[in-house]
Amino acid sequence: MQKTILRNYAKLIARVGANVQKGQQVIVTAGLDQPEFVKMLVEECYKAGASKVRVDWVCNSLQKVHARYMKQKDLARVEEWEKARLQHMVDVLPVRIFLDSDDPDGLDGIHPRFFKAMAARARIVRPYRKAIDNKHQWCIAAVPGEAWAKKLYPNLSRHQAVEQLWKDILFTSRADGEDAVAAWEAHNKDLKARCAYLNSLGLKELRYKSENGTDLTVGLIPTGLFHAGADTTMQGISFDPNIPTEEVFTSPDRRTAEGIVYSTKPLSYQGQLIENFSVRFEKGRAVEVKAEKGQKVLEEVISVDEASHYLGECALVPKESPIHQSGILFYNTLFDENAACHLALGSGFNECVKDFETMSQEEIYELGVNDSVSHTDFMIGSEDMAIDGVCADGRIVPIFRDGTWAF
Ligand code: ZN
């Protein structure tokens, strides 16, 4: 891949994604796949004003070795020095950048004690994470890894597959042009305008219809908010948590979905594929699921816990999304969830209700935001998808026509 284009991409991540400010510390978490690019990114962080940049290298296949030989309690233990590092993160609020290049099948066959240990670790780490929530800038972006590239392009050589995946990542991230930063500013502006319009309507319901049989109504929370694109920390610094991002999303009232919805893209769940499936809802609860392929896995998706039977997210993505245009299934949520309108079963987002900062978890739940240990997106957008919004005063406003924005 051309150096100048990669340099622009690194600049986009440092300046727009993470929006590194003068004097801030930065932690980059990256796999071992693209060390040259990581070097470029670190340099761009310094040029943006970072006082100190640390790189945490991760290797998924090494996790398998640990999981095989370590006892569960040893895997799960968070050492005192790790806690000190987490506390340092809380005190200093470094900017965090995650470069994803993982093999989608990388954890296949890992010893099951690994997931139990990770869940136990997550409980200890959670308070530290909560303490930095909304206070620091962070950004997830992708770079190609060899295994990931070969999964998408099994017939190409390793080198060709990686080059092709670079092209795909840069195209879908709107970073393949002359000025990626300007392209993102325009994109963000468009997303924000759409959010503002949707939030001004006072919507109480979305009605989805498609020729494939989708006929679904989802109730919205009266004080609910649509979000998209850039986020802002409590200190007022804007950043783009995801590159790419195309979705305008909200958390619906979990108790309200009625009707049936058909998937329009396969769902890759823990390395297994579910295809051509439907979910039928009654009073918010998924009461029936049918899949041509992966029926058992789909049943697992909805029954992680009771709350995973309910919706946590409604996201609107027009068919012009570069990810949809590319026609690629990336086996990576960062990309795949930006390919089409989607719903998610499981947890909702606190920030999708007004004044969430001043409310308790119970109050937010009471409003209708779902709370589950899982969050699984599945794609329902089609070329002919129509969505109507029903306003609190009964007015009906077209939101989507023929798979794209109607406004
Ligand atoms: Zn989403």
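**Salt bridges, a zinc site and two domains**

Glu-288 is partly exposed, because its relative accessible area is 32% and the partly exposed class covers whatever falls between buried (under 20% relative accessible area) and exposed (over 50%), as found with a 1.4 Å probe on protein chains only. The model is predicted, so local features need pLDDT of at least 70 and side-chain atom pairs count only at pLDDT 80 or more, while totals for chains, interfaces and linings use all residues. Residues are numbered from 1 along each chain as its sequence is written, and side-chain values use heavy atoms, with hydrogens and water left out.

Which residue meets the side chain of Glu-288 in a salt bridge? The partner is Arg-280, with 2.9 Å from N to O; a salt bridge here is a side-chain nitrogen of Lys or Arg within 4 Å of a carboxyl oxygen of Asp or Glu. Arg-280 is also partly exposed, at 28% relative accessibility. Elsewhere, Arg-7, Glu-43, Glu-44 and Lys-47 are joined into one network by salt bridges that share partners.

One of the salt bridges is formed by Glu-43 and Arg-7, whose closest N and O atoms are 3.4 Å apart. Glu-43 belongs to helix 2 (residues 35-47) and Arg-7 to helix 1 (residues 3-17), so this pair ties together parts that are 36 residues apart in sequence. Helices (H or I, at least four residues) and strands (E, at least two) are DSSP runs, numbered from the N terminus. Glu-43 is partly exposed at 38% relative accessibility, and Arg-7 is partly exposed at 24%. A further salt bridge links Glu-205 to Arg-207, with the closest N and O atoms 3.2 Å apart. Arg-207 has a relative accessibility of 37% and counts as partly exposed. The structure holds 27 salt bridges.

Next comes the metal. Which residues coordinate the zinc ion? They are Glu-247 (OE), Glu-313 (OE), Glu-337 (OE) and His-342 (NE2), at 1.9 to 2.5 Å. Donors are N, O and S atoms within 2.8 Å of the metal (3.2 Å for Na, K and Ca), and sites may look incomplete because water is not among the atoms. Along the chain, the zinc donors are spaced as E-x65-E-x23-E-x4-H. Glu-247 sits in the loop between strand 9 (238-239) and strand 10 (248-250), and Glu-313 sits in strand 15 (residues 311-316), so the pair ties together parts that are 66 residues apart in sequence. Glu-247 is buried at 6% relative accessible area, and Glu-313 is buried at 1%.

Strand 15 is also part of an open sheet of five strands, with the order 7-10-15-16-17 and antiparallel pairing. At the edges are strand 7 (227-228) and strand 17 (375-379), each of which pairs on one side only. Two strands pair if DSSP finds at least two bridges between them. Strands 10 and 15 run antiparallel and are joined by three bridges. Phe-249 has Ala-315 in strand 15 as its bridge partner.

On a wider view, the chain is divided into domain 1 (3-178) and domain 2 (202-227 + 243-405), with bounds that come from an automatic or database domain assignment. Taken over C-alpha atoms, the centres of domain 1 and domain 2 are 27 Å apart. How many residues of domain 1 are in contact with domain 2? There are 22, and they contact 14 residues of domain 2, where contact means heavy atoms within 4.5 Å.
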